[in-house]
Amino acid sequence: MSRLIYLDNAATTQVYPEVVDAMLPYFTEHYGNPSAIYSFADEAERAVDHARGEVADLIGAKKDEIYFTGGGSESDNWALKATAEAYAAKGKHIITSAIEHHAILHTAQWLEKHGFEVTYVGVDEDGKIKLDELKAAIRPDTILISVMAANNEIGTIQPLKEIGEIAKEHGILFHTDAVQAFGHIPINVDDMHIDMLSASGHKLNGPKGIGVMYIRKGVKIRSFIHGGAQERQRRAGTHNVPGIVGLGKAVELAKANMAERSAYETKLRDHLIERVTSEIPYTRLNGHRTDRLPNNANFCFRFIEGESMLILLDQAGICGSSGSACTSGSLDPSHVLLAIGLPHEIAHGSLRLTLSEKTTLEDIDYTVDKLKEIIARLRSMSPLYEDFVKKNGKAEA
Ligand SMILES: *Cc1c(COP(=O)(O)O)cnc(C)c1O
């Protein structure tokens, strides 16, 4: 059996063939350096400019507010570190949330070691940021609020417009890590009062190693990667022309298909959630029931250890994830699941399944059937489950 069901689209996505086709000529034919003077490089320069326009259009920005980076992590590092540096004279306090990606959390922790103070605002049991806690955290020396658009583990979508309004009211810059949301749900930087935004190519069927940073005109952050004068002197390094072209194509496709894709994925996601929560006992859905990414489902199964579940799913040809790709390999449960209030032993039994528009109903049904077998098998080997059943009796599936 060589079936492959890829349900880890929050970790990375397949590059669309149209994207690869758009990229290829920029390796072999139009390989010139877009910064060069001679006309041979004009086509590369034109292609970079075109991709910049596609990206700007997707989020309602201006072309010259878009900067290409080496990925989502670089954009997140840049946003936090460069804002801290540029606005240190105004204040040294930053607000973020407890459920950010590690590209934000670890950068914030680094800043704490370098003279800045960070407040990590909590979330409710659905993973929504507590707005009253956010407001209460604001101080005269707060220079930045950074809250992700949608969570990479539990899929919860944050109220960006409300957060943006709060930031604006207090004259504080607002950055959002939109890596999971970009191209998947609508975002408008003006409506939502966003000053800076991070995105990444490989989370929307584009190539890996290419990212975006949106910086609103007037935000005074400087370069983070030093060297040449590329990207209006704000991001040195020869342009990754094929990567930029691929990202531009992925954005163009995402824009054209967003409504249709989101409706399709939401339908499949809800079918998955419905079957898993009704057919597997002692299961909980993590994340907001409706304000969640169209392709995200995240569950906790009691008496189950996430890693063993993933190994057995893999043997059935199913790719899923427990926590995020970055936390697997560590024994700590996900910081996101702890932040929504789950105890350690429950957070350990988590499974994230993230779909794509290529996922079929048949894939989902096969996955749920396998999952039921796997959970029953693992529970039958669990002393904790045995004790529980002795005390409470067995639940009907
Ligand atoms: C994947 C991801 C990142 C990191 O992006 P890379 O391009 O892989 O560096 C940052 N934030 C979130 C929310 C992500 O999902």
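# From a buried threonine to the ligand shell and the cores

The side chain of T156 comes within 3.2 Å of the backbone nitrogen of H288. This distance, like every other value below, belongs to a predicted model. T156 sits in the loop between β5 and α7. It is buried because its relative accessible area is 0%, and the cut-off for burial is under 20%. Apart from neighbours within four places in sequence, T156 touches D126, G127, K128, A149, A150, N151, G287, H288, D291 and R292.

The ligand offers a second place to study polar contacts. A shell of 13 residues surrounds the ligand, and S73, D177, Q180, S200 and K203 are the closest of them. By residue class, this shell comprises 8 polar, 3 charged and 2 nonpolar members. Helix α4, residues 72-87, makes the greatest contribution to the shell, with 3 residues. Oxygen atoms of the ligand take part in several polar contacts with the protein. A side-chain N or O atom of S200 lies 2.6 Å from a ligand oxygen. For Q180, the distance from a polar side-chain atom to an oxygen of the ligand is 2.7 Å. G72 takes part through its backbone, with an N or O atom 2.8 Å from a ligand oxygen. Of the 380 Å² that the ligand exposes when taken alone, the protein buries 87%.

Away from the ligand, the nonpolar interior can be followed through its cores. The largest nonpolar core contains 56 residues, and I59, F68, I145, F182 and L197 have the most contacts inside it. Two or more residues of this core come from each of α1 (17-23), α3 (42-59), β2 (66-69), α6 (131-137), α7 (160-169), β7, β8 and α9 (241-279). Helix α9 gives the most, with 9 residues. A separate second core has 28 residues, among them I280, M309, A316 and Y366. Within the largest core, L197 serves as an example. Beyond its neighbours within four places in sequence, L197 is in contact with I59, H175, T176, A178, F182, I187, V189, V212, M213 and Y214.

Helix α5, residues 102-112, shows how one element is packed. Its buried residues are H102, A103, I104, L105, T107, A108 and L111. These buried residues pack against helices α4 and α11 (335-339) and against strands β3 (93-97), β4 (117-121), β5 (142-146) and β6 (173-177).

Burial is not confined to nonpolar side chains. E54, in helix α3, counts as buried because its relative accessibility is 12%, under the 20% limit. Leaving out neighbours within four places in sequence, E54 is in contact with G248, V251, E252 and K255. T238 presents the opposite case. This residue lies in the loop between α8 and α9 and counts as exposed because its relative accessibility is 53%, where the threshold is over 50%. Its contacts, again without neighbours within four places in sequence, are N33 and Q230. The C-alpha atom of T238 is 32 Å from that of I94, and the two residues are 144 residues apart along the chain.

The backbone also deserves attention. Most residues other than glycine have a negative phi. N205, which is not a glycine, has a positive phi of about 65°. N205 is located in the loop between β7 (196-200) and β8 (211-215), and it counts as buried because its relative accessibility is 4%. E231 likewise has a positive phi, near 50°, and is a residue other than glycine. E231 belongs to helix α8, residues 230-233. With a relative accessibility of 5%, E231 also counts as buried.

The two ends of helix α14 complete the account. At the N-terminal end of this helix, residues 383-392, S382 acts as a cap, with a side-chain oxygen 3.3 Å from the backbone nitrogen of L384. After α14 comes G393, whose phi is positive and near 80°.

Terms used: Residues are numbered from 1 along each chain as its sequence is written. This is a predicted model: local features need pLDDT of at least 70, side-chain atom pairs count only at pLDDT 80 or more; totals for chains, interfaces and linings use all residues. Side-chain values use heavy atoms; hydrogens and water are left out. A residue is near a molecule or strand if one of its heavy atoms lies within 4 Å of it. A polar contact is a pair of N or O atoms within 3.5 Å; within protein, one must be able to donate a hydrogen and the other to accept it, and residues adjacent in sequence count only if both atoms are side-chain atoms. Accessible areas come from the Shrake-Rupley method with a 1.4 Å probe; for residues, only the protein chains shown count as cover. Helices (H or I, at least four residues) and strands (E, at least two) are DSSP runs, numbered from the N terminus. Ala, Val, Leu, Ile, Met, Phe, Trp, Tyr, Cys and Pro count as nonpolar, Asp, Glu, Lys and Arg as charged, and the others, Gly among them, as polar. Buried means under 20% relative accessible area, exposed over 50%, partly exposed in between (1.4 Å probe, protein chains only). A nonpolar core is a set of buried Ala, Val, Leu, Ile, Met, Phe, Trp, Tyr and Cys residues joined through side-chain atoms within 4.5 Å. Contact means heavy atoms within 4.5 Å.
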